[in-house]
Structures are given as C-alpha cells and as structure tokens.
Amino acid sequence: MKIFKLLCLALLFTSVSTYAQIDTKPDRKPGHVNTNKFRQLYNEFSTPNMYRSASGAPGVAYYQQQADYKMNIELDDLNAKISGDEVITYTNNSPDVLTYLWLQLDQNMRAKDSKSPLIESRGVAKATSTSQFASDYLTQEFDGGFNILEVKDVSGKSLTYTINQTMMRVELPQPLKSGEKFSFSIKWWYNINNHIKDGGRSGYEYFPEDGNRAYVIAQFYPRMAVYNDVEGWQNSQFWGRDEFALPFGNYEVNITVPADHILDATGKLMNRKEVFSKKMLQRYEKAKKSFDEPVLIVTQEEAEKAERGFSKAKKTWKLYAENVRDFAFATSRKFIWDMMAVKVGDREVMAVSLYPKEGNPLWEEWSTKVVASTLKSYSKMTFDYPYHKAISVHADRQGMEYPMICWNYGRPEKDGTYSDRVKYGMMGVIIHEVGHNFFPMIVNSDERQWTWMDEGLNTFLQYVAEQDFGEAYPEALSPNDKKFPSRRGPAVNIIPYMEGNQDYIAPIMSKGLNTYQFGNNAYGKPATALNILRETVMGRELFDYAFKEYARRWMFKHPTPEDFFRTMEDASAFDLDWFWRGWFYTTDWVDIGIKEVTKFYVSSEPNQYMKDVAARRGLDINNLSPMVFMVEEGADELTETIKSGIQAEDIPTLQEYLMDNFTKEERQNIITPKYFYNVIFEKPGGLVMPIIVQYNYVDGTSKTETYPAEIWRLNDRQVSKAIPSQKEISSIVVDPNNETADIDTSNNAWPKRIEQSQFDSFKSKVQE
Ligand SMILES: [Zn+2]
C-alpha cells in the first residue's frame, strides 16, 4: 500500500517539477546571504568553552563566587528606619586575580539624587489619577537611599570605596588571588519607603485605622554583585525595573524588632523557643504533622489584640540560611500566621502564610494551600524543593520573590467580599512568586540581563501549576470554571501581542530594561513559546525530560540563555535553532494557512499538460517512457470515465510495472487511492512552525497530520503536499485546536469558512 502511494507521488511530482524547471529561467541574484531559518545559531550564541560546554551543561572549569554574610539588623518601627552591620566573607573561586569588589546598593534608587527618574521619557499627562498626580507633583521627595557609615576590614581599618549610583566599589588592600577569601564589614541605615505610596519591591504599608505598619523588607543590605566568566563584574545599574544578579552564600542574620512583632524570613529560625510563646510552639508542632489543613500559629484574635498595643521592648529573631542568593523578611504586629506540612519527594517542607486581618477571609482559606500545591507542581517539573519552608506574605499591590519568602497581592473588600478577579489574581501571584524559588532563586540566572530566563520559565511553570491547583482543589474554582482560568500560557492569549504594532515589540532576547510591553515580552511570550514547544513541537515526554535536565544541571548555579537553549536540544535530539531564532531572536508571528487545494483524478491517457510539454519539446507523444497522468477537477479533458475513478488495473503502464517489480502476494495487498489533492500551504507569518492539518472526509471521519517545522526548510513562503486518498475530502483545517498562536485564521480552512457579513452580525445582535 505504501509502495503504491509513493509511486504515484513520485510520478506526479517528478514529472511536473522536472519539466517545470527546464521550462523556466533560473532566478540569478548576486550577493546571496544565508537567511535560511534552519541555519545554526553560531553567530548569535557564544562559543562553548571550558566554563560552559556545548551540551549546555556547566563545563569542567565552571566556577562561581561565594558571598557569606553575618548581619545584625534593627528595625525602628516608630520612625520607619532600618539599620544594620554586616560582615561579608567573599570567596574568589574564579581563576582571576581581583583588585576590587563591587557591591549593589539598590536602595540608592530611592535616594534624592537618584538618576532613575531622569531616564524616563514622560511628558505632561492630560488626564491623571488623583493619586498619581499627588505623587508626581504634590508630595515631598522621599529621602531614601543607603547611608553608608563605615566600610572596614577585619582589623578595623577603613577601606577605600567609591559609590556610583546603585553600585559600590571597594578597593582590596591586596589583590585577591584565585581560591582566597576576603572579609570586610559595612555599617549602614536608611529610611524605609511606604511601598503603597512610593512604590518599590520592599517597604511598609501603613494602616491608618490602627496606626500600625506591615513591613516587607528586601534589598536592605549592601549585596555582593556577581562576578563570572560571562560578564566579569555585573556592571549594570539598578534603574528600578530590571531585577537582580546575586551570588550564593550562607547567611547568619539576627533581626531585632519590637517584642510584639511577628516575623518570618529566609532561613531556619535558630531561637524558636526564645521568640515563640508556649502556645505557639504547641501549634507549630501540630502544623508539622498537618498535611491537609493549615494550623494557625497566631490567630486573628491574637493579631487584633497585638494591633492595639505598641511594645517598647525588643525581641531578636535569629536566622540561618544555607546556599541562598538573597535574604528578605516580613515583620508586623498585625500578622496572622499559619502553616502546614507538604510532602515533596521524600522531604517534608512547611508551607507558610503571614497576613494582616485585611487579607481575610481569602488568605486564611487559600494562601497556604496554594503554596503547598505550587511546591508539588514545580518539584515534579524540576527537582524536589530543597529548602525547608516557603512563605507567602500578604502585601497589598506587591508580587515579589526572595528565597523561601515572597510578597503577594489580593485583598478582599473591607466587608470581606471579593471578586473572582481578586481571588484568581491572588492565587496566580502566589503560585508565581513561590515558583520563583526555583527560577531564579535556585536556578540562579542573571535577572538584570535576561528577564525572560526567570520570568518566562517561571510563568510557563505557573501555568502548569495553576492547572494542577485547579484539579487538586476544584472547590477553589468559581462555579462557572471547569479549570483554572490562566491568563498566560495558552497560545491564543498571546495573539493580540504578537499581531500588534512592530514598533513596540522587542525580541525576547533583549535586556529587560530595553523592552517594550515588559509583561508580554518577558513573561507572556516566552511562557507561551515554551508551552507550544512542549505541547505542539516536542511533546510532553521529550520536553519535560529536557526541561528537568536543564533545571538539575543548573540547580544552585548560574546559567545563561545558551545553557538553556543547548540543554533543551542536547537532552531531546530536537534541533531547535529555528525555534529559538524565531521565537526568541525575532518579533515574527505565526500565520500559516491554506493557499489552494486542487483535486486530481488519475488517467492512463496523456493529459493536456503532457501534450503541451511534448509539443514544445518536440517529443513523440506515443513514444514516452511509462507514465501515469493526473487530470485536474474542472479541466475540459476530465471525462466521466476518469471522474468515476480509474483503478490501478485500468492503467496498462502501471500494471506492467507492478508485474515486473512486485510478487503476486504483494500485488494483492496493493490499495488504490481514488482521489488526489494538491494542497498548497502558505506562510505569510515569519515564524516557522509545524503545520497541523485536519483532513475531514465526506463520510464524517477525519484524520490529523502534523508536518514537522522542517517542511519549511527549502521554501519559507509556501509548500505543497500531494494527498492521495481513498475517501473524498470535504474540508481541510490548519491548526484546528488553535495551539500555535496563529494570528490570522481567515486562511486556515478549505473551503474558506463563510465569515458572517457585518450586516448579518448586526442583525443577529439586534435580535438578541
Ligand atoms: Zn516574576
């Protein structure tokens, strides 16, 4: 059966294309450059080396620096100030000799002399919200930024340092050789910003009803910059939007806050018995064994009681974190606290939530369960969550991640009611921010350079985790929803962005600061691209294996984009240069359609086409080598006999061929297609993608065929397929399940779908 099919195809197309080539003049153009979309990304990718191998794995000489911190921090709740001293021990694991160290002073973005506001191109807005107007023109500039009091070596000698905006260079007394450590100390303080009023990824919210603040504190200490084989010292300033690049290290942190505060942070609490009441300790023991429902460590009643006081006494919370890239904490006397245990592989992890009463009833109901579900989903797709806890803190209008702890929005109305938008928004942001523990907190990419490496990969997994959560907790969904209504991930959701104005679209492979439409560029598009790669191009099994391999290879290390691209190919045997090039390096979009479908019937008599060729080339029509001919639907020469479907046995040359080349048995198994279709697929869109085609037959059956992307390797505009069929085709549909983000589906069907005229749709609307 196969053989006969092939034979027909070969005859139809060798004959047509051979003569066509002879009869047309070749198109000669000078200065040809290779623009083939399947060429390897040798120009775009950095060359593999001893640090980063061609497979996408860390190379034999891979290294990373280490920064260990010992810090004493004190919060002045009355004046909203924070001060601290830190001892940093920096280990130079690089083969290079260093003469200075660079630190990041991110708080300086809020300093009065900050240049961040100066790089924004913003004229007078003709209409502004009152709050925006007030913050733009009426309020005093906030007096933020680090006040560096001293920088000293371990012997107490001052070190020379230079501050350039948000970065600080410390001169080393002696060059730091490969393998050596250097310890030094910094003392500092700053005014804490109100993150609701002044913005920022940390700060406090003030609650006028009870006069308290809830603090979510991060980027609060001078942090070591990354030094590596790719960038040297990371030297890109913090302008406010791009996030961070940080080395791993161990943190010993003592945080002193008012005695009536509840605090949680990155790291293990080392003095639980000192800071917990007896009741809290008992509840904590119960929570460690509760795998289905969170246990309250601090109840709403207790939090409301604390709100009414203001303790002058102090309490120090001692934390220790191993192998983390950052440290953050949340503290307030307003916090309600709950926890539950979650099994991740053979480990038991605590899922934790901190929230003021303003978060209830939504937060007590869902936050901790969302955390637990997220840890399971992400662990399944990557590696078992290696830390001992994950905390979700409720902070209005925040969505921000740190190791083991994150801030999340989603606040009900004052009367406790909330819309679906608030509920799903809250669940989605918790999944997202808890998910960031994996990317970039553990798979530690450079967020300052490549926003998509953490946001895109994380948003992709957020989609997977949201769907898992909806399945695990159907009672969390609204009555009309059968599954979690994910905003990003499904292919169709990215279409409005992909078909938008090209002046305001940048390739994914752009530095975050320099992209338009940040959310679509760094979150939505890469997440969708990976979802399409998983579902449509590679299949779940191969994709998931390779994705997991990437996560495992770069767990607690610093990957680059190439390490991701290369690993995905290396572990799956998919040559994906065309995919990375199109989706990540260009702003092209998907548009694949059907240009033309022609129906043919087989004939034993030379057709008009052959007669024309013979006449033109002076061939004897009666003396050709054995051939089979095709007659097009609608042609004058199409007789009723041909149309009724000539069988193989009716074609003498074919009979002879079969007699000569097939055994009797093989001949019995031959089946004969009755209909032949020449389908021309077109690709007005620049992106190369597989063609997913559904063939529907007159008898009501259908068949789906996926032509791999490589079908476009020799012609980027259109390709043809001969479709032999025993059954008559009634219609053909490209991308029938809308899985490729095709921006124009008007060319996706044959015969063309009858689009409702504007008048008809107007009429039907009026009738409704
Ligand atoms: Zn994010």
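Helices (H or I, at least four residues) and strands (E, at least two) are taken here as DSSP runs, numbered from the N terminus. With that in mind, welcome to the tour of this predicted model.

**Stop 1: the whole chain**

Start with everything shown as a cartoon. You will be looking at 20 helices and 31 strands. Turn the view along the principal axes, and the C-alpha atoms fill a box of roughly 110 × 70 × 60 Å. Colour by accessibility next: of the 768 residues in the chain, 53% are buried.

**Stop 2: the largest pocket**

Now select Arg397, Gln398, Gly399, Tyr409 and Gly410, and centre the view on them. Among the 47 residues lining the largest pocket, these five lie nearest its centre. The volume here is about 1500 Å³. To see the surrounding framework, highlight β8 (203–207), β22 (399–402), α8 (420–435) and α10 (451–472), the elements that each give two or more residues to this lining. Which element gives the largest share of the lining? Keep α8 selected, as it provides 10 residues, the largest share. If you colour the lining by class, expect 14 nonpolar, 14 polar and 19 charged residues.

**Stop 3: the second largest pocket**

Move on to Pro117, Arg122, Ser135, Asp136 and Asp198. They are the closest to the centre of the second largest pocket, out of 30 lining residues. Its volume is about 1300 Å³. Show α2 and α3 (195–198), each of which supplies at least two residues of this lining. The largest share, 5 residues, belongs to α2. Colouring by class gives 10 nonpolar, 10 polar and 10 charged residues.

**Stop 4: a nonpolar patch on the surface**

Switch to a surface view and pick Val124, Phe133, Tyr137 and Leu138. Together they make a nonpolar surface patch of about 470 Å². Zoom in on Val124, which sits in the loop between β3 (98–104) and α2 (130–138). Is Val124 buried or exposed? Its relative accessible area is 74%, so Val124 counts as exposed, the cut-off being over 50%.

**Stop 5: inside, to the cavities**

Rolling a probe the size of a water molecule over the atoms shows where empty space is left. Across the whole structure, a search turns up 7 cavities of 30 Å³ or more. For the largest cavity, with a volume of about 120 Å³, select Asp264, Arg272, Tyr284, Met339 and Lys389. These lie nearest its centre, and the full lining has 13 residues. Add β14 (262–265), β17 (314–324), β19 (336–344) and β20 (347–355) to the view, since these elements give two or more residues each to the lining of the largest cavity. What classes do the lining residues divide into? There are 9 nonpolar, 1 polar and 3 charged.

**Stop 6: a proline in a loop**

Finish at Pro247, in the loop between β12 (232–233) and β13 (249–258). Its relative accessible area is 5%, so Pro247 is buried, as the limit is under 20%. Then draw a distance from Pro247 to Thr374, C-alpha to C-alpha: your viewer should give 25 Å for this pair, whose members are 127 residues apart in sequence.

Conventions: Residues are numbered from 1 along each chain as its sequence is written. This is a predicted model: local features need pLDDT of at least 70, side-chain atom pairs count only at pLDDT 80 or more; totals for chains, interfaces and linings use all residues. Side-chain values use heavy atoms; hydrogens and water are left out. On a 1 Å grid over the protein atoms alone, a cavity is a set of points where a 1.4 Å probe fits but cannot get out, and a pocket is an open set with protein on both sides within 12 Å along at least five of seven lines; lining residues have an atom within 4 Å of a point. Grid points are joined across faces, edges and corners, and a volume is the space filled by probe spheres set on the points. Ala, Val, Leu, Ile, Met, Phe, Trp, Tyr, Cys and Pro count as nonpolar, Asp, Glu, Lys and Arg as charged, and the others, Gly among them, as polar. Patches are made of residues with over 30% relative accessible area and no salt bridge: like charges are joined within 9 Å, nonpolar side chains (Val, Leu, Ile, Met, Phe, Trp, Tyr) within 5 Å. Accessible areas come from the Shrake-Rupley method with a 1.4 Å probe; for residues, only the protein chains shown count as cover. A salt bridge is a side-chain nitrogen of Lys or Arg within 4 Å of a carboxyl oxygen of Asp or Glu. Buried means under 20% relative accessible area, exposed over 50%, partly exposed in between (1.4 Å probe, protein chains only).
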